[in-house]
Amino acid sequence: MTNKFPENFLWGAASAANQVEGGWNEDGKGISVIDVQACGERGRMETDGVLEGYNYTSHVASDFYHHYKEDIALMGEMGFKSYRMSIAWTRIYPNGDESEPNEAGLKFYDNVFAELNKYGIEPIVTISHYEPPFYLSKQGGWSNREMIDHYLKYCRTIFTRYKDVVRYWMTFNEINCATVPFGVMTACGVNLSFRDPRNTEQLRYQCLHHQFLASALAVKMGHEINPNFQIGCMSAVMLNYPLTCHPDDILLAQQTDQEKNTFCGDVVVRGKYPNYMNRFFKNHNITIVKEEGDDEILKEGTVDYIAISYYMSNCIGNDRDAAKVSGNLLTGLKNPYLKESDFGWQIDPVGLRYTLNEFYDRWQLPIMIVENGLGAYDTLEDGQIHDDYRIEYLRQHVKVLGDAISEDGVEVIGYMPWSALDLIALSTGNIEKRYGFIYVDVNNEQEGTYDRYRKDSFFWYKKVIASNGEDLD
């Protein structure tokens, strides 16, 4: 087999601070919006913060905060070239509005980066991964334009502190999540009940405008601090095929793709709002409030690369009686040609190749895949986890990734599956939906030893990395 991957390809895996770290209130860390969302209660944010009687699984999570040396050593054993992670905003600025950063939080990431460097692992750092400060959320979160200044202060602090140890940055995780109702609390950080009479669509898209500005200003700032920085923004792929060949279904699929998949990318790559969104805004009574100079800011802060998460695909159509399936950010219609995971997500490796071709043709920028994986029920027996189902999922996706690079000419520079170790799944708020190459011995009630175990997929992926993608058996 001819090697399909470039020599410097960034093999690795991914996680997020709020889903692995724990230590939610240690060493001066403040409360993030995720910290107040309890297990099984992911659809709401408690207005009064952390309450008695609820199980907040993210408070301990996988306890990476106390196990990071062990966990990074395991990543090194697998041969990781990169680790996509995030910095917890509230470790650096506990409430978000402080004038000075929390030194203990900065020191923690000093230690994490030093440990990664020991094993030759390149950090790929997400600046904001669904965890804006809860204190700022009570003041409107990203609906408040002042949030831009708080974010940029945070960016300047970490850009300056880590300018010699971090090269790759991402301004936001799944920035297009703000286009779905789920994003009101997580991506937008707005403390809001869905019973609120306000137009949440207007609210979400105004929040998104402020994030676009923050991203552009952060890109410009980062390049001034270190011209060698590579700064991208990350989107979740919400791939929908038309359910039928009826022209109405074809048009619906195209418009949905524009609204969910390409809109945010067009803004951060091309530096302006695409014309097709005028139709959407008009139909949904949305008016983006801009200030003088906003359009120029967007033009001056375009990204260096595109990052994506890809898990699955759905169908979309006008038949309201069609069978439905679960999804990452949105439910969709069932595709009769695809199998489903334990959690009802349709498995579609070909959709990854399709997406890579579409995005690269559209934007002509390097692409990183920073999330791709299978959430499943794993069983620990005699210290072993036989997760052949995860290996098969990843094998299929790595194969089509190689085809996209070698046959289609798509420039993909890294592949970081979700996730390095078991973590709190955002879609369920618990750990029993496991994604990792490394098993963490803890249940949804935070009971367990927190010992780490290598899954079969650990050894399989180690072999894939060592062969630079040649050996997928």
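**Group meeting: a barrel and its surroundings**

I would like to begin at the N-terminal end, with Lys-4, which lies in the segment before strand 1, where strands (E, at least two residues) and helices (H or I, at least four) are DSSP runs numbered from the N terminus. Please keep in mind that this is a predicted model, in which local features need pLDDT of at least 70, side-chain atom pairs count only at pLDDT 80 or more, and totals for chains, interfaces and linings use all residues. Residues are numbered from 1 along each chain as its sequence is written, and side-chain values use heavy atoms, with hydrogens and water left out.

Is Lys-4 buried or exposed? Lys-4 counts as buried because its relative accessibility is 18%, the classes being buried under 20% relative accessible area, exposed over 50% and partly exposed in between, with a 1.4 Å probe and protein chains only. Leaving aside residues up to four places away in sequence, Lys-4 touches Gly-402, Asp-403, Ile-405, Ser-406 and Glu-407, contact meaning heavy atoms within 4.5 Å. The side chains of Lys-4 and Asp-403 are also joined by a polar contact of 2.3 Å; such a contact is a pair of N or O atoms within 3.5 Å, where within protein one must be able to donate a hydrogen and the other to accept it, and residues adjacent in sequence count only if both atoms are side-chain atoms.

Helix 12 (residues 388-406) lies across strand 1 (10-14), strand 13 (367-371) and strand 14 (412-415), and runs at about 170 degrees to strand 14; axes here are lines fitted to C-alpha atoms, for helices over the stretch in contact, with angles from 0 to 180 degrees between N-to-C directions.

Those three strands bring us to the barrel, which eight strands close in the order 1-2-3-4-5-7-13-14 with parallel pairing, two strands being paired if DSSP finds at least two bridges between them. From one strand to the next, the twist averages 30 degrees. Strand 4 (residues 168-170) and strand 5 (residues 230-236), for instance, pair in the parallel sense over three bridges, and Trp-169 stands opposite Ile-231 in strand 5.

Trp-169 appears again in the largest nonpolar core, where, of 138 residues, Tyr-151, Trp-169 and Phe-263 touch the most other members; a core is a set of buried Ala, Val, Leu, Ile, Met, Phe, Trp, Tyr and Cys residues joined through side-chain atoms within 4.5 Å. Helix 7 (residues 200-225) gives the most to this core, with 10 residues. A second, separate core has eight residues, among them Val-33, Tyr-130, Met-238 and Leu-426.

How many disulfides does the structure hold? The structure holds zero, taking a disulfide as a pair of cysteine sulfur atoms within 2.5 Å. For Cys-207, the nearest cysteine sulfur is that of Cys-188, 4.0 Å away, and Cys-207 counts as buried because its relative accessibility is 0%. For Cys-245, the nearest is that of Cys-315, 12 Å away, and Cys-245 is exposed because its relative accessible area is 72%.

Finally, some backbone details. Most residues other than glycine have a negative phi, and most peptide bonds are trans. The bond from Trp-418 to Ser-419, however, is cis, with omega near 15 degrees. Asp-63, in the loop between helix 1 (17-20) and helix 2 (64-78), has a positive phi near 60 degrees. Asn-468, in the segment after helix 13 (456-466), has a positive phi near 50 degrees.
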